[in-house]
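Dear colleague,

I am handing over the structure we spoke about, and I would be grateful if you could look through it alongside the notes that follow. Please keep the sequence and the coordinates open as you read.

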Amino acid sequence: CFAGWSVSVANNPTLALMACLLATQIPVFFGKVSITPTWLALQALALGWMTLNQHPVLDAHAIAAGLEILLVRAWLVPHLLRRSLRGTRADDIDVMPSYLLAWGAAVTLVILAFQLGGGLRSDVRAMTLGVMAVTVTLAFLVLATNREPVAQLVALLFMENALALFESLMPQAWPLPVHLAVSGVYVGTVAV
């Protein structure tokens, strides 16, 4: 019974989407900038989970995409960000300023993004669009409400993860040079 349950959990794209959504929303509402590398790694693991769900038979593209997600998004970028935040006052900086107007705008944007994506239906593609829309709108809200460059960097990295989520909606996967360019932009964002 437990083995059947664990297989159904592992092959459930809805759970992967919910994990990605939680890893996006929790740091925006309740997180400090110093803990965001962990949340970025959790987002990447959820993206990897979704990649494995999309490609039941692992082909060369699925392996390359999975390695890119694990090595670049789940390990390298969070590691570089954690190193660059060491010795700064990142423990004092909220990802999104905690005042009622910003939180009200964020909740409204989450609801509107899911309405846009039709994420309340059980269709996985619609829910993926909803999660992607929430990630992008929350990233724009952080860019608009937080003047700290480090928090804005985190918002840009959230947008990059939304771009990777967008690829899962494409009927054809992006070619390898496009993957390499997107990975380069992701690493370059932290390097700057």
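A search of the whole structure, which is a predicted model, finds three aromatic pairs. One of them is formed by Phe29 and Phe30, whose rings lie 6.3 Å apart from centre to centre with 45 degrees between their planes, and this pair is classed as tilted. Phe29 counts as buried because its relative accessibility is 13%, and the cut-off for that class is under 20%. Phe30, by contrast, has a relative accessible area of 64% and is therefore exposed, since that class begins over 50%.

Phe30 also pairs with Trp103: the ring centres are 5.4 Å apart and the planes stand at 85 degrees, so this pair is edge-to-face. The contact links distant parts of the chain, given that Phe30 belongs to helix H2 (residues 13-30) and Trp103 to helix H5 (residues 100-117), with their positions 73 residues apart in the sequence. Trp103 has a relative accessible area of 26% and is for that reason partly exposed, as it falls between the limits of 20% and 50%. Taken together, the ring pairs join Phe29, Phe30 and Trp103 into a cluster.

Another ring to look at is that of Tyr186, where Arg73 lies over the face at 4.3 Å from the ring centre.

As for the overall fold, the chain contains eight helices and zero strands, and read along the sequence it follows the pattern α-α-α-α-α-α-α-α. Of the 192 residues in the chain, 46% are buried.

Which residues have the most contacts inside the largest nonpolar core? They are Val33, Leu81, Met96 and Leu157, in a core that has 48 residues. At least two residues of this core are supplied by each of H2, H3, H4, H5, helix H6 (124-145), H7 and H8, and the largest share, 10 residues, comes from H7.

Ala162 is likewise found in helix H7, and with a relative accessibility of 3% this residue counts as buried. The C-alpha atom of Ala162 is separated by 9.6 Å from that of Leu47, although the two residues are 115 apart along the chain.

Finally, there is the matter of open space. The largest pocket holds about 300 Å³, and among the 21 residues that line this pocket, Thr51, Gln54, Ala164, Glu167 and Ser168 are the closest to its centre. Two or more lining residues are given by each of helix H3 (36-54), helix H4 (60-85), helix H7 (149-167) and helix H8 (176-191), and H4 gives the most, with five residues. By class, the lining is made up of 11 nonpolar, seven polar and three charged residues.

If you have time for just a few places in the viewer, I would suggest the cluster of Phe29, Phe30 and Trp103, the placement of Arg73 over Tyr186, and the pocket centre with Thr51 and Gln54 among the residues closest to it.

With kind regards

Terms used. Residues numbered from 1 in each chain as written. Predicted model: local features only at pLDDT ≥ 70, side-chain atom pairs only at ≥ 80, totals over all residues. Heavy atoms only, no water. 1 Å grid on protein atoms, 1.4 Å probe; cavity = no way out; pocket = protein on both sides within 12 Å on 5 of 7 lines; lining within 4 Å. Points joined across faces, edges and corners; volume = space filled by probe spheres on them. Helix = DSSP H or I, 4+ residues; strand = E, 2+ residues; numbered from the N terminus. Nonpolar A, V, L, I, M, F, W, Y, C, P; charged D, E, K, R; others polar. Phe/Tyr/Trp six-rings, centres within 6.5 Å; stacked < 30°, edge-to-face > 60°. Buried < 20%, exposed > 50% of the residue type's maximum accessible area, 1.4 Å probe, protein only. Lys NZ or Arg CZ within 6 Å of the ring centre and 35° of its normal. Core = buried A, V, L, I, M, F, W, Y, C linked by side-chain atoms within 4.5 Å.
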